[in-house]
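Open the model in your viewer and keep the selection panel at hand. The tour moves from one selection to the next.

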Amino acid sequence: MPRVPRPTAPTGPDAADEPDGTGDHYFTASPASPAELRRLEVRLGGRDLTLTTAGGVFSPGRLDLGTQVLLRTVPDPPPSGHLLDLGCGWGPVALSLALASPGATVWAVDVNERALDLVGRNARELGLTNVVAARPDDVPGDVRLAALWSNPPIRVGKDVLHAMLRRWLARLEEGASAHLVVQRNLGADSLQRWLEDAGAVTSRVASAKGFRVLRVDGPGTIAPS
Ligand SMILES: C[S@@+](CC[C@H](N)C(=O)[O-])C[C@H]1O[C@@H](n2cnc3c(N)ncnc32)[C@H](O)[C@@H]1O
C-alpha cells in the first residue's frame, strides 16, 4: 500500500534535478534509496488525478515546471500509432499522451527501474491499457514514432543526451514531430544549435518560465550515432 506523503518533497526550482541524500541521481538504474511511495495530486489531460510517486525518481513531489510548460505547449497527439515519452519518470508525459490518445500505443521509456514501476502502476490505476513501460532496449527496433514528447535528462551529460536524441529522433515517421522541453539555463539554445547541425529540422515553439520547447520535425537527416 502507498505510504502517507512525507513533507520532505523537493520544492526549490532545481530540486527535482538534484541527487537525493543517498547519492542517487534521478537517472540511476536501480535507486538505492527506499522507494517511500507517495501520493501526489496533479491535473493531467484536463483531469484531477491522484497518482503515485517515490523517492529516487525525477520530481516526485510535484509536476515539474518544465513538464508543465511542455504539456501546455504540445498540440494534440495523433490518435493512433506509436507515441514515445523519452525519459518518463513517474509518468506525467506518458499518461497525458495515453489519456489524449487511447487508440495509440504509448511507450514510456526510462532507464530507472523505479520510474518504470511507477508509470506502470499509475497507468493501471487510471485504467489505461495503452501504456508500455520499457527500458530503451526493450522497444522493438521496427517501431516508428508518430510523436515524441520529452523532458529529457539534461544532467546525464551532452554525449549521452546527444546519443539518446539521435537514437529516437531518427525513428520519427515522415510528418511526425518531437517536442522537447529544456531549461534555458541548462543549454536549450545550444541544444537547438546541435540539433540543427545534426540535421534535425528544429524550431523553438515556446519560451516560458525559463524553459524552451523545441519542435523537431521528423525524420530530417539525423541518424543514430
Ligand atoms: C527530466 S526527467 C523527466 C521525467 C518525467 N518525464 C517528468 O516530466 O517528470 C528525465 C528522465 O529521463 C530518464 N533517463 C535518463 N537517461 C535515459 C536514457 N538513456 N533513456 C531514457 N530515459 C533516460 C531519467 O531517468 C529521468 O526519469
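**Stop 1: the ligand**

Select aspartate 110 together with the ligand: a polar side-chain atom of this residue lies 2.6 Å from a ligand oxygen atom. On its own the ligand has 590 Å² of accessible area, and the protein covers 95% of it. Keep in mind that this is a predicted model.

Next, pick threonine 67. An N or O atom in its side chain is 2.6 Å from an oxygen atom of the ligand. Then move to cysteine 88. Here the backbone takes part: one of its N or O atoms lies 3.4 Å from a nitrogen atom of the ligand.

How many residues surround the ligand? Widen the selection and you get 17. The closest are Tyr26, Thr67, Gly87, Cys88 and Asp110.

**Stop 2: the whole chain**

Zoom out and switch to a cartoon. The protein has five helices and nine strands. Trace them along the sequence and the pattern reads β-β-α-β-α-β-α-β-β-α-β-α-β-β.

Now colour by burial. Of the 225 residues, 50% count as buried. Turn on the surface: the accessible area comes to about 10,100 Å², and carbon and sulfur atoms hold 50% of it.

A contact map is worth a look too. Take the contacts with a separation of 6 or more: 68% of them join residues 24 or more positions apart.

**Stop 3: strand β7**

Select residues 172-183, which form strand β7. Is this strand largely enclosed or largely open? It is largely enclosed by the rest of the structure, because nine of its 12 residues are buried. Buried here means under 20% relative accessible area.

Add residues 145-150, strand β6. β6 and β7 run parallel and are joined by five bridges. To see the pairing at residue level, label leucine 148 and alanine 178: the leucine stands opposite the alanine, which belongs to β7.

Now show residues 158-169, helix α4. With β6 and β7, this helix makes a right-handed β-α-β unit. Rotate the view to follow the path from β6 over α4 to β7.

**Stop 4: the other pairing of β7**

Finally, add residues 211-217, strand β9. β7 and β9 pair in the antiparallel sense, over seven bridges. Which residue of β9 is the bridge partner of serine 177? Label aspartate 217; that is the partner.

Leave β6, β7 and β9 displayed together. You then have both pairings on screen: β6 with β7, parallel, and β7 with β9, antiparallel.

Note on methods: Residues are numbered from 1 along each chain as its sequence is written. This is a predicted model: local features need pLDDT of at least 70, side-chain atom pairs count only at pLDDT 80 or more; totals for chains, interfaces and linings use all residues. Side-chain values use heavy atoms; hydrogens and water are left out. Helices (H or I, at least four residues) and strands (E, at least two) are DSSP runs, numbered from the N terminus. Buried means under 20% relative accessible area, exposed over 50%, partly exposed in between (1.4 Å probe, protein chains only). Contact means heavy atoms within 4.5 Å. Accessible areas come from the Shrake-Rupley method with a 1.4 Å probe; for residues, only the protein chains shown count as cover. Two strands pair if DSSP finds at least two bridges between them. A crossover is right-handed if, with the strands pointing away from the viewer, the path from the first strand over the helix to the second runs clockwise. A residue is near a molecule or strand if one of its heavy atoms lies within 4 Å of it. A polar contact is a pair of N or O atoms within 3.5 Å; within protein, one must be able to donate a hydrogen and the other to accept it, and residues adjacent in sequence count only if both atoms are side-chain atoms.
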